[in-house]
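Visitor: I am new to this structure. Please show it to me, and then I will ask why certain words are used for it.

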Amino acid sequence: MTRVAERNVVLTGFMGSGKTTVGRLIARELGWTFVDTDDVIVARHGPIDAIFAEQGEDAFRAFEREVAAEVARSQHHVIATGGRMLLDPANAAVLTAAGRVFCLIANAEEIIGRLQADVDGPVRPLLSGDDPAAAVARLLDERAAGYGQFEQVRTDGGTPHDVATDIIKRLEA
Ligand code: S3P
């Protein structure tokens, strides 16, 4: 018997907000399966930066919609989504119906620091221009209302383990 009544846990939030790291910890603690939607896309279609470069962002967003519909059929999964997946209303509809959604948030400085430290992480094409800090600031601003519609979890005041514990407490409440 799981301690948590939700069917799935879905994590959204900006790039570098900690969805993958925190998601893995939550899955381990609940004994659930972890899935990262970007990883599913990469396994099928190759690296995200190559998809953007060769097929364009619209193709990537179409792959995201396919994967959103698929993972929404899961049970007892912790689903870490790409940073814009839940900002598409169709994806938000299927994934909010599939489980409890949390939006991980951090301030711009913290996000930039984490992304710079993530040297082994994926290339993020939306931030690979001349001024990544300006791109982060612009995208955070553009997306503030979109992210704001989901339950917020601050991640800049503690470790990933603290954030996972906070989310599990909320699930058990
Ligand atoms: C994106 C976020 C990335 C990835 C792609 C686009 C975005 O995922 O899906 O580079 O538009 O916010 P992460 O949030 O896991 O970095």
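Guide: One point before the questions: this is a predicted model. Let us start with two helices, helix 2 (residues 37-45) and helix 4 (residues 57-71), whose axes come within 10 Å and cross at roughly 115°.

Visitor: Which hand does the crossing of helix 2 and helix 4 have?

Guide: The crossing is right-handed. On the side of helix 2, the contact includes Thr-37, Asp-38, Val-40 and Ile-41; on the side of helix 4, Phe-60, Phe-63 and Glu-64 are among the residues involved.

Visitor: What kinds of residue make up the contact of helix 2 with helix 4?

Guide: Six are nonpolar, two polar and five charged.

Visitor: Why are helix 6 and helix 7 called oblique to each other?

Guide: The axes of helix 6 (residues 108-117) and helix 7 (residues 132-148) come within 10 Å and cross at roughly 130°. Roughly perpendicular covers 65 to 115 degrees, and roughly antiparallel begins over 145. The angle falls in neither range, so helix 6 and helix 7 are oblique.

Visitor: Which residues of helix 6 and helix 7 meet?

Guide: Ala-108, Ile-111, Ile-112 and Leu-115 of helix 6 meet Ala-133, Val-136 and Leu-140 of helix 7. This contact has seven nonpolar residues, no polar and no charged ones. Helix 6 passes helix 7 in a right-handed crossing.

Visitor: In what order do the strands of the sheet lie?

Guide: Five strands form an open sheet in the order 2-3-1-4-5, with parallel pairing.

Visitor: What makes strand 2 and strand 5 edge strands?

Guide: Strand 2 (33-36) and strand 5 (151-154) each pair on one side only. From one strand to the next, the twist averages 25°.

Visitor: How do you know that strand 1 and strand 4 pair?

Guide: Pairing requires at least two bridges. Five bridges join strand 1 (residues 9-13) to strand 4 (residues 100-105), so the requirement is met. For Thr-12, the bridge partner in strand 4 is Cys-103.

Visitor: Where does helix 2 pack on the sheet?

Guide: Helix 2 touches strand 2 and strand 3 (77-80), and its direction makes about 65° with that of strand 2.

Visitor: Why is Ile-168 called buried?

Guide: Ile-168 has a relative accessible area of 7%. Buried means under 20%, so Ile-168 counts as buried. The residue lies in helix 8 (residues 160-172).

Visitor: What does Ile-168 touch, not counting residues up to four places away in sequence?

Guide: Ile-168 touches Arg-3, Ile-26 and Glu-29. As for Val-42, Ile-168 is 126 residues from that residue in sequence and 29 Å from it in space, C-alpha to C-alpha.

Technical notes:
Residues are numbered from 1 along each chain as its sequence is written. This is a predicted model: local features need pLDDT of at least 70, side-chain atom pairs count only at pLDDT 80 or more; totals for chains, interfaces and linings use all residues. Side-chain values use heavy atoms; hydrogens and water are left out. Axes are lines fitted to C-alpha atoms, for helices over the stretch in contact, and angles run from 0 to 180 degrees between N-to-C directions. Helices (H or I, at least four residues) and strands (E, at least two) are DSSP runs, numbered from the N terminus. A crossing is left-handed if the near helix is turned anticlockwise from the far one by less than a right angle, and right-handed if clockwise. Contact means heavy atoms within 4.5 Å. Ala, Val, Leu, Ile, Met, Phe, Trp, Tyr, Cys and Pro count as nonpolar, Asp, Glu, Lys and Arg as charged, and the others, Gly among them, as polar. Buried means under 20% relative accessible area, exposed over 50%, partly exposed in between (1.4 Å probe, protein chains only). Angles under 35 degrees count as roughly parallel, over 145 as roughly antiparallel, 65 to 115 as roughly perpendicular and the rest as oblique.
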